[in-house]
Amino acid sequence: MIDTVLFDLDGTLADTAADLGAVLNRLRGEAGLAPLPAETIRPHVSKGVRGLLSVGFALVPGDGRYAGLHQRFLDFYGESLCVATRLFEGMAELLERLEAGRLRWGIVTNKTSRYTLPLMEALGLARRAVCIVSGDSSPRPKPAPDPLLLASTIAGANPAQCLYVGDDLRDMQAARAAGMGAIAAAWGYLGDDLPLEEWGADTIIQTPSDLAGLLG
């Protein structure tokens with residue numbers, strides 16, 4: 001019996017692409033570059049700042065300009081965490097249904113706690129989640145199982161009775177490694193790695209309400 005549902009944050013629980021994309025285009029504007037369209041930025045959001053600087057500036061860690069732009073990105077994002085960010089359609093209703101059914105839910109994200117906690121507060125969810133595990137909460141981030149196992153410990157849950165819902169290949173790898181059910185969120189950012197169907201998910205769901213149907 002599943003008694004705990006854990007969600008990735010960016011691209012699964014909340015649509016953060018507009019705010020992150022605005023920061024990237026602000027940096028591009030400073031560099032005299034034209035803004036990138038949302039559809040170009042969106043698939044890279046789940047890879048965090050590294051993915052966004054890659055698509056925005058063709059930079060990778062170790063490049064001469066990377067460290068400075070990385071820090072500047074984080075500073076700008078800290079100023080505008082929840083301007084256009086919203087829960088995905090149907091997610092608020094799903095969380096209410098989980099709570100009504102006495103199922104625990106929490107967050108496991110690679111976003112650092114400096115941004116995760118204020119964002120969850122702004123969304124009005126910080127006190128409702130049984131756990132909020134960020135990218136700096138455990139020694140290794142996803143795709144390692146460490147943060148998911150930490151979340152299950154905080155929630156007082158058996159990993160085998162947890163589902164992890166995410167929109168990135170690393171989410172499915174982490175869920176598998178942690179011994180949790182792996183649910184792929186097809187409404188998310190999905191990245192540009194393997195096709196969704198090749199992630200090894202137990203189930204692919206198209207909308208948050210599909211998860212409610214799975215849980216009964």
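In the predicted model, Gly32 follows helix α1 and has a positive phi, near 80°. The helix that precedes Gly32 spans residues 17-30. Its 14 residues reach 20 Å from the first C-alpha to the last, close to the 20 Å expected at 1.5 Å a residue. Within α1, the buried positions are Ala17, Asp19, Leu20, Gly21, Val23, Leu24, Asn25, Leu27 and Arg28. The partners against which these buried residues pack comprise one strand, β2 (14-15), and three helices, α2 (38-41), α3 (48-57) and α4 (66-79).

Thr12 is situated in the loop that links β1 (4-7) to β2. This residue is classed as buried because its relative accessibility is 0%, where the cut-off is under 20%. When neighbours within four places in sequence are set aside, the contacts of Thr12 are Phe7, Phe88, Met91, Val165, Gly166, Asp167, Ala185 and Trp187.

Phe7 also belongs to the largest nonpolar core, which contains 49 residues. Together with Leu13, Leu53, Phe73, Trp105 and Met120, Phe7 touches the most other members of this core. Helix α4 makes the largest contribution to the core, with six residues. Another core, of 21 residues, lies apart from it and includes Val108, Cys131, Leu148 and Leu169.

The largest pocket has a volume of about 620 Å³. It is lined by 27 residues, of which Lys47, Gly48, Val49, Asn110 and Lys111 are the closest to its centre. Two or more lining residues are given by each of α3, α4 and α8 (169-178). The largest share, five residues, comes from α4, the helix that also gives the most to the largest nonpolar core. Classification of the lining yields ten nonpolar, six polar and eleven charged residues.

The second largest pocket holds about 160 Å³ of space. Its lining consists of Met1, Ile2, Leu94, Arg97, Leu98, Gly101, Leu103, Ala212, Leu215 and Gly216. The elements that supply two or more of these residues are α5 (91-100) and α9 (208-215), and α5 gives the most, with three. By class, seven of the lining residues are nonpolar, two are polar and one is charged.

Terms used:
Residues numbered from 1 in each chain as written. Predicted model: local features only at pLDDT ≥ 70, side-chain atom pairs only at ≥ 80, totals over all residues. Heavy atoms only, no water. Helix = DSSP H or I, 4+ residues; strand = E, 2+ residues; numbered from the N terminus. Expected span 1.5 Å × (residues − 1). Buried < 20%, exposed > 50% of the residue type's maximum accessible area, 1.4 Å probe, protein only. Contact = heavy atoms within 4.5 Å. Core = buried A, V, L, I, M, F, W, Y, C linked by side-chain atoms within 4.5 Å. 1 Å grid on protein atoms, 1.4 Å probe; cavity = no way out; pocket = protein on both sides within 12 Å on 5 of 7 lines; lining within 4 Å. Points joined across faces, edges and corners; volume = space filled by probe spheres on them. Nonpolar A, V, L, I, M, F, W, Y, C, P; charged D, E, K, R; others polar.
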